[in-house]
Amino acid sequence: MDSRVTPGSANAFVAADWVREAQQRVEQALSDWVPAITPADLGVAMRYAVMGGGKRLRPLLVLAACMAVRGNHDAALRAACAVELIHAYSLVHDDLPCMDNDVLRRGKPTAHVQFGEARALLAGDALQALAFELLTPPEGVPPAMQAELCRLLARAAGAHGMAGGQAIDLASVGRALGQGQLSEMHRLKTGALLQASVLMGAACGAVDVRARQALAQYGAALGLAFQVVDDVLDCTQDSATLGKTAGKDAACGKPTFVSLMGLEGARAHAQELLDEARQVLRTSGLVETQALVALAEMVVERQH
């Protein structure tokens with residue numbers, strides 16, 4: 001992430017600097033927009049679920065795609081925070097006893113351990129609603145852009161995206177899945193929201209059909225690569241490094257890319273997906289894709 005890429009201007013693009021500055025913008029915006037004062041202190045649980053942890057990969061993808069299409073930066077920041085709120089709500093609900101029943105997330109107790117199941121459930125509900133509130137401000141974002149951002153996020157989060165993938169995941173415990181079935185599950189469960197992050201960033205500007213298709217392919221490849229690497233890390237790193245319970249999928253009898261392909265096979269597959277992501281960006285016709293390339297590399301090369 002310290003490599004330099006020259007974008008054809010006097011200033012070199014430094015990936016680490018861009019990521020740090022973008023993360024700071026997102027952190028400040030989330031702190032400003034996620035309420036602390038709410039009825040019955042629900043905001044405390046909401047902020048616990050959102051603040052002080054996470055790579056902010058989805059917001060970074062929104063901002064990077066917006067940069068690539070030279071879009072509306074104010075709209076992109078709202079979209080970046082909205083997609084992170086959906087991600088945070090999904091983690092709160094996934095960790096509940098009725099779902100994955102986990103006690104550790106981002107190195108601290110999960111929301112239901114900290115606040116009880118009922119308050120955690122409501123905090124997740126409230127974060128989901130807040131995401132769409134952020135996308136629909138009274139001014140500053142054109143109505144047509146608001147509608148498209150809401151459409152992309154709702155579809156990625158719903159039955160044909162994240163929620164549908166989670167349903168398949170729960171139904172697949174103890175079942176033998178082929179690589180195609182496993183990829184399809186994760187295309188929905190994890191990949192849909194990552195791909196939507198890219199497309200939401202693109203929706204903040206004007207983009208032609210070729211560029212949009214390339215960005216969609218990039219998002220799909222990156223989304224699957226993220227899960228492949230997650231499966232690798234789940235069996236090679238400890239809980240302290242990951243910030244969540246290591247080895248839980250294998251212990252629960254869930255199929256993974258490592259269980260299907262072996263450790264080295266899964267690592268090679270992640271590299272293939274990274275190469276695919278780079279290649280489609282080269283065919284996009286977009287000039288400022290340095291941040292998108294850097295984020296794909298970060299996903300595959302990460303250690304937690």
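Helices α3 (57-69) and α15 (residues 290-301) cross at roughly 155°, and their axes come within 8 Å. The model is predicted; local features need pLDDT of at least 70, side-chain atom pairs count only at pLDDT 80 or more, and totals for chains, interfaces and linings use all residues. Residues are numbered from 1 along each chain as its sequence is written, and side-chain values use heavy atoms, with hydrogens and water left out.

**Helix packing**

Two packed helices are described by the angle between their axes and the distance between the axes. Axes here are lines fitted to C-alpha atoms, for helices over the stretch in contact, with angles from 0 to 180 degrees between N-to-C directions. Helices (H or I, at least four residues) and strands (E, at least two) are DSSP runs, numbered from the N terminus.

α3 and α15 are therefore roughly antiparallel to each other. That label applies to angles over 145 degrees; under 35 counts as roughly parallel, 65 to 115 as roughly perpendicular and the rest as oblique. The crossing of α3 and α15 is left-handed, a term for a near helix turned anticlockwise from the far one by less than a right angle, with right-handed meaning clockwise. On the α3 side, the contact uses Leu-57, Leu-60, Leu-61, Ala-64, Ala-65, Met-67 and Ala-68. They meet Gln-290, Ala-291, Leu-292, Leu-295, Met-298 and Val-299 of α15. Contact means heavy atoms within 4.5 Å. By class, this contact holds twelve nonpolar residues, one polar and no charged. Ala, Val, Leu, Ile, Met, Phe, Trp, Tyr, Cys and Pro count as nonpolar, Asp, Glu, Lys and Arg as charged, and the others, Gly among them, as polar.

Helix α4 (residues 73-94) packs with α6 and with α7. Against α6 (residues 117-134), the angle is about 165° and the axes are 8 Å apart. α4 is thus roughly antiparallel to α6. The crossing is left-handed. Residues of α4 in this contact include Arg-78, Cys-81, Leu-85, Tyr-89 and Val-92. Their α6 counterparts include Leu-121, Gly-124, Asp-125, Gln-128 and Phe-132. The contact of α4 with α6 divides into 14 nonpolar, three polar and two charged residues.

Against α7 (residues 143-157), the axes of α4 come within 11 Å and cross at roughly 20°. That makes α4 roughly parallel to α7. This crossing is right-handed. Ala-75, Ala-79, Ala-82, Val-83 and Ile-86 of α4 meet Met-145, Leu-149, Leu-153 and Ala-157 of α7. The residues of this contact are nine nonpolar, no polar and no charged. Ala-82 and Ile-86 also appear among the α4 residues that meet α6.

**Selected residues**

The table lists accessibility for five residues. Buried means under 20% relative accessible area, exposed over 50% and partly exposed in between (1.4 Å probe, protein chains only).

| Residue | Relative accessibility | Class |
|---|---|---|
| His-87 | 12% | buried |
| Ala-111 | 10% | buried |
| Leu-170 | 35% | partly exposed |
| Asn-101 | 42% | partly exposed |
| Arg-70 | 62% | exposed |

His-87 sits in α4. Which residues does His-87 contact, leaving aside its neighbours within four places in sequence? They are Arg-58, Arg-106 and Leu-193. A polar contact of 3.4 Å joins the side chains of His-87 and Arg-58. Such a contact is a pair of N or O atoms within 3.5 Å; within protein, one must be able to donate a hydrogen and the other to accept it, and residues adjacent in sequence count only if both atoms are side-chain atoms.

Ala-111 lies in helix α5 (residues 111-115). Outside its neighbours within four places in sequence, Ala-111 is in contact with Tyr-48, Val-92, Gly-116 and Ala-120. Val-92 of α4 and Ala-120 of α6 are also listed in the contact between those two helices. Ala-111 and Val-293 are 182 residues apart in sequence and 33 Å apart in space, C-alpha to C-alpha.

Leu-170 belongs to helix α8 (residues 162-171). Not counting residues up to four places away in sequence, Leu-170 touches Met-99 and Asp-100. The C-alpha atoms of Leu-170 and Asp-100 are 8.5 Å apart, across 70 residues of sequence.

**Positive phi in two loops**

Arg-70 lies in the loop between α3 and α4. Its phi is near 55°, a positive value in a residue other than glycine. Asn-101 is placed in the loop between α4 and β3 (104-105). Phi of Asn-101 is near 55°, again positive in a residue other than glycine.
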